[in-house]
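Biologist: I am new to this structure. Please take me closely through a single part, one helix and what it packs against.

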Amino acid sequence: MVRGSWLNWLKDERGQSIVEFALIVPVFLMLFFAIITIGYWMTAQQVVTNAAREAARMGALTNDNGQIEGAALAVMAAIDTNTSRINVFVDPLDASSPARVRGYPLTVRVEYQLPITYDILPVEFKKVSGQSVARIEYVP
C-alpha cells in the first residue's frame, strides 16, 4: 500500500504547470523590461540629437548662449523637464570669442542622463549624447 501511493505521487502532474510558470516568468519579465528600456533609450537618443541640432541652429542665428541652451531644453522637454539630468556644451563657449564670428563652425553637444534605476545596466547605457555643428550666420 505504501509503495503504490508513493508511485502515484511521483506520477501526479497537478502542480507541474505552476512550477513551469514560476521558472519562466522571471525570464519573460526581464525580456519585457529590456524591451521597454531599449525603446526609451532609442527615443531619448533621437530627442537628444534633435535638441543638439536645434540648439546649433539657434546659435548660428543668434550667437547667444542663453538662447542656445533654451532651444536645447525646449526640445528636451518632450522627454524630461528635469534640467539637472541635461547638460548643454557650446564650443566656442565665449560669445565674444574671435572664433564666434560669421563663417566659423559652432558645435553644440547635449548630454542626457537617463532616469533608469536598474543597477544591471552599465554606466554607458544610462547616458545618451548628441552633437551638432552649424556654420555661424549671425551678423552683429
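Modeller: Here is a close look at helix H3 and its surroundings. This is a predicted model, where local features need pLDDT of at least 70, side-chain atom pairs count only at pLDDT 80 or more, and totals for chains, interfaces and linings use all residues. Residues are numbered from 1 along each chain as its sequence is written, and side-chain values use heavy atoms, with hydrogens and water left out.

Helices (H or I, at least four residues) and strands (E, at least two) are DSSP runs, numbered from the N terminus. Start just before H3. Asparagine 63 sits in the loop between helix H2 (16-62) and helix H3 (65-76). Its phi is positive, about 60°, although it is not a glycine. Asparagine 63 is buried (under 20% relative accessible area; exposed is over 50%, partly exposed in between, with a 1.4 Å probe and protein chains only), at 11%.

H3 itself has twelve residues. It reaches 17 Å from first C-alpha to last, close to the 16 Å expected (1.5 Å times one less than its number of residues). Its buried residues are Ile68, Ala71, Ala72, Val75 and Met76. Seen down the axis of H3, they fall within an arc of 135° (taken from the directions from the helix axis to the C-beta atoms), so they line one face of the helix.

That face has partners. The buried residues of H3 pack against H2, S1 and S2 (contact means heavy atoms within 4.5 Å). S1 and S2 pair in the antiparallel sense over six bridges (pairing needs at least two DSSP bridges). H3 packs on the sheet, touching S1 and S2. Its direction makes about 145° with that of S1. Axes here are lines fitted to C-alpha atoms, for helices over the stretch in contact, and angles run from 0 to 180 degrees between N-to-C directions.
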